[in-house]
Amino acid sequence: MAKRRIKKVAVIGSGIMGSGIACHFANIGVDVLLLDIVPRELNAKEEAKGLTLKDTVVRNRMVNDALTAALKSKPSPIYNQAFAKRITTGNLEDDIAKVKDVDWIIEVVVERLDIKKQVFENLEKHRTPGTLITSNTSGIPIQFMSEGRSEDFQKHFCGTHFFNPARYLKLFEIIPGPKTDQSVLDFLNNYGEQFLGKTSVVAKDTPAFIGNRIGIFSIMSLFHTVKNMGMTVEEVDKLTGPVIGRPKSATFRTVDVVGLDTLVHVANGIAENCPKDERKELFALPDFINTMMENKWLGSKTKQGFYKKTVNTEGRKEILTLDLDTLEYRSNKKAKFATLEGTKNVDNVADRFPILVKGKDKAGEFYRKCFAHLFAYVQNRIPEITDELYKIDDAMKAGFGWQHGPFEIWDAIGVQEGMGLMNAEGLEVASWVTDMVANGIDSFYSVKEGATYVYSASAKAHEKKPGQDSFIILDNIRKQSEVFSNSGVSVQDLGDGILNVEFRSKMNSIGGDVLAGVNKAIDLAEKDFDGLVVGNQGANFSVGANIGMIFMFAVEQEYDELNAAVKYFQDTCMRLRYSSIPTVVAPHGMTLGGGCEMTLHADRVVAAAESYIGLVEFGVGVIPGGGGSKEMAMRASDQFTKGDVQLNVLQEHFLTIGMAKVSTSAHEAYDLNILKHGKDLVVVNRDRQIATAKAVARQMADMGYTQPVKRKDVLVLGKQALGMFLVGTDSMEASNYISEHDKKIANKLAYVMAGGDLSEPTRVSEQYLLDIEREAFLSLSTERKTLERIQHMLQKGKPLRN
């Protein structure tokens, strides 16, 4: 049997979900055919133009309007707008025959079984035997959809549930039908993980599958708990957000974004289709939810939900909050709990859970109740919705943005302690859990030889979690593989002669300890290893250099120390480029300021697709001082051709810094010349990133890596470029686009990127550019306006990044 490859897909239905799925396949390089229905009447614009229902532009209006809206939406569903060219649009009457040429058909039409069955009947007339065909349903039983279809259709048919937005949420639920071939499930499971960058979870064909079954229960249970405890919207969102490793939108803001009607639709579906669910009463809607539904207070889509944006009597924008007792909107009330104060210095979220459930105030009671009910519910879903408990955790992390799944939270609190919480609420512990504890097993998860093991209720033992052989999980290997550590980094032996230096500072900001750790890692690698990866698995690669230290030096006028600190950063970045071993930096998430500068100086970059990279120092009042300004000047120089175009190229790179541009994806970073085509790689699945970076470093070493020679051939344009920049900044200040201080910053950057006020274009060394960059940075960092900006950020509690 030939190996299955996906070169072209057809997406049937171009709504928010369908267009999002189409865009994500375009993101990974797949050719997409996006089809939707034909309009039955002309709109006003079409009538004014004299068009008819036979015109192609009219017949494709539905699909084209939907895709255009998706491409304009924020956050964008596509890595780079140019990738939209990979999507061809059409309609289900004129173009349905084209599905014969695709490798996978994905149905994303309205959630009605009769309509879906009609679509499948039409598709089967044109589908080539052996072609994958799946439904993106979020809850309709898969077994009903393929009834009456051919044997080949049913063998290649299953549910593939993407979560919205398809680009950003990682959960990819695969739901087999009664006759789905196992090879199809295996293929989709691997394709979702390797190519789409998803967490693939094969679920049983039960109502709402895994993610929504647990996620909606969690929200509905919380609704009832909140009402019974007399808690406010603000209090709940304070307790259910980042403090427990969940999104900033927490609970009520998330419902506003998703839409209360969507939540109610799924909750009603579970209530109707799960008559034997032991907690079915919790899926009944509380009175305040019924009132909100009647009033159409559905969230963002109706301009009000649990929160409402208004303009107050003073003309200022204000966000009001719904009072759950009076159901009237009121000003926001700040929520504060003593229990949360006890976790302020606990950076590791998992370590907070035992503290939270022991709280003596309302917050502690809230956590005890919520976790008890969550643990009781998820234990009873095994084996109903899945035989493997890790799938529940994976679904909640990938689909709902939880940092820890329910069983991982239970482990963090302690299995027996969690059982105690359930007993206190009068909830029964499942027999498979009591059996586990009786057999001397006191955790759902364990780590052995760098691999994650998870308890199997059927095997009554820990078994290796499948699918992790392509990953390197730093949390799993750190203890036994660490060769050096300080307060800022951990250096691990990844095996095969490759080291990794992992930032461990707060928000992975780059300070003295991180720089010392990077230098130590290079020392170790040059002495006893073959290559170095700079990578971590935190929420963000790095928010940049912590310039609180720079502020302190500047205020105390310790200029020699300030100069030494900036030079140390520059020298560290240069060591990444000019060491005797290959260096690979693996950015992901926010990679700003100093984090970007380290990325710019690596031999190779293996970036996660969701990397937001940029030099943002202008916002603080300085220019990039760790080699970033030098690097942009040099990268511009490398693109120079003869003539006026040189100034245009330099100006583009100048604006990348001057406008503090940040890529909205790693692919967009190529457009900013932060990543380089043919040299740097992008991986869609972050779980594979460290392993891929290691492989790249190993490959470079095996090919015979030689330490590069420091460059002395950087072409700078001198006064020719400097004059252009200065005229531009004068004009912008005169037009009130920038302040006097902004102009000063821009002129300093102009001086560096022009290579100074040299009388003619000249070849200079990197060190020459670094020296004038550092001089410019130092002069700006001691400016009163700059210090005021930094001080303001400190007072606001914002992260300082450079």
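Visitor: Over how many bridges do β12 and strand β13 pair?
Guide: This is a predicted model, in which local features need pLDDT of at least 70 and side-chain atom pairs count only at pLDDT 80 or more, while totals for chains, interfaces and linings use all residues. Residues are numbered from 1 along each chain as its sequence is written, and side-chain values use heavy atoms, with hydrogens and water left out. Strands are DSSP runs of E of at least two residues, helices are runs of H or I of at least four, both numbered from the N terminus, and two strands pair if DSSP finds at least two bridges between them. β12 and β13 (residues 451-456) run antiparallel to each other, and their bridges number four.

Visitor: Which residue of β13 is the bridge partner of V447?
Guide: V447 falls in β12, which spans 445-448. Its bridge partner in β13 is T452.

Visitor: By what angle are neighbouring strands turned in the sheet that holds β12, β13 and β14?
Guide: The sheet is open and antiparallel, in the order β12-β13-β14. Its edge strands, β12 and β14 (461-464), each pair on one side only. Axes are lines fitted to C-alpha atoms, for helices over the stretch in contact, and angles run from 0 to 180 degrees between N-to-C directions. With direction ignored, the average turn between neighbouring strands of this sheet is 40°.

Visitor: Which strands stand at the edges of the seven-stranded sheet?
Guide: The seven strands form an open sheet with mixed pairing, in the order β15-β16-β17-β18-β19-β21-β23. An edge strand here has a single partner, so one of its sides is left without a neighbour in the sheet; the two are β15 (482-485) and β23 (681-683).

Visitor: Which residue of β16 stands opposite S485?
Guide: β15 pairs with β16 (residues 489-495) in the antiparallel sense over three bridges. Opposite S485 stands S490.

Visitor: At about what angle does helix α21 run to β16?
Guide: Helix α21 (residues 474-481) lies across β15, β16, β17 (498-503) and β18 (531-535). Contact here means heavy atoms within 4.5 Å. Relative to β16, the helix runs at about 90°.

Visitor: How many salt bridges does a search of the whole structure find?
Guide: A salt bridge is a side-chain nitrogen of Lys or Arg within 4 Å of a carboxyl oxygen of Asp or Glu. One network of such bridges links R213, D277, E278, R381 and E384. The number found in the whole structure is 55.

Visitor: Is R59, the salt-bridge partner of D94, buried or exposed?
Guide: The closest N and O atoms of D94 and R59 are 2.7 Å apart. Buried means under 20% relative accessible area, exposed over 50%, and partly exposed in between (1.4 Å probe, protein chains only). D94 is partly exposed at 44%. R59 has a relative accessible area of 17%, so the residue is buried.

Visitor: How many residues apart are R167 and E610?
Guide: R167 and E610 form a salt bridge with closest N and O atoms 2.7 Å apart. R167 is buried at 5% relative accessible area, and E610 is buried at 19%. R167 is in the loop between β6 (157-162) and β7 (171-176), E610 in the loop between β21 (604-608) and β22 (611-614), and their separation is 443 residues.
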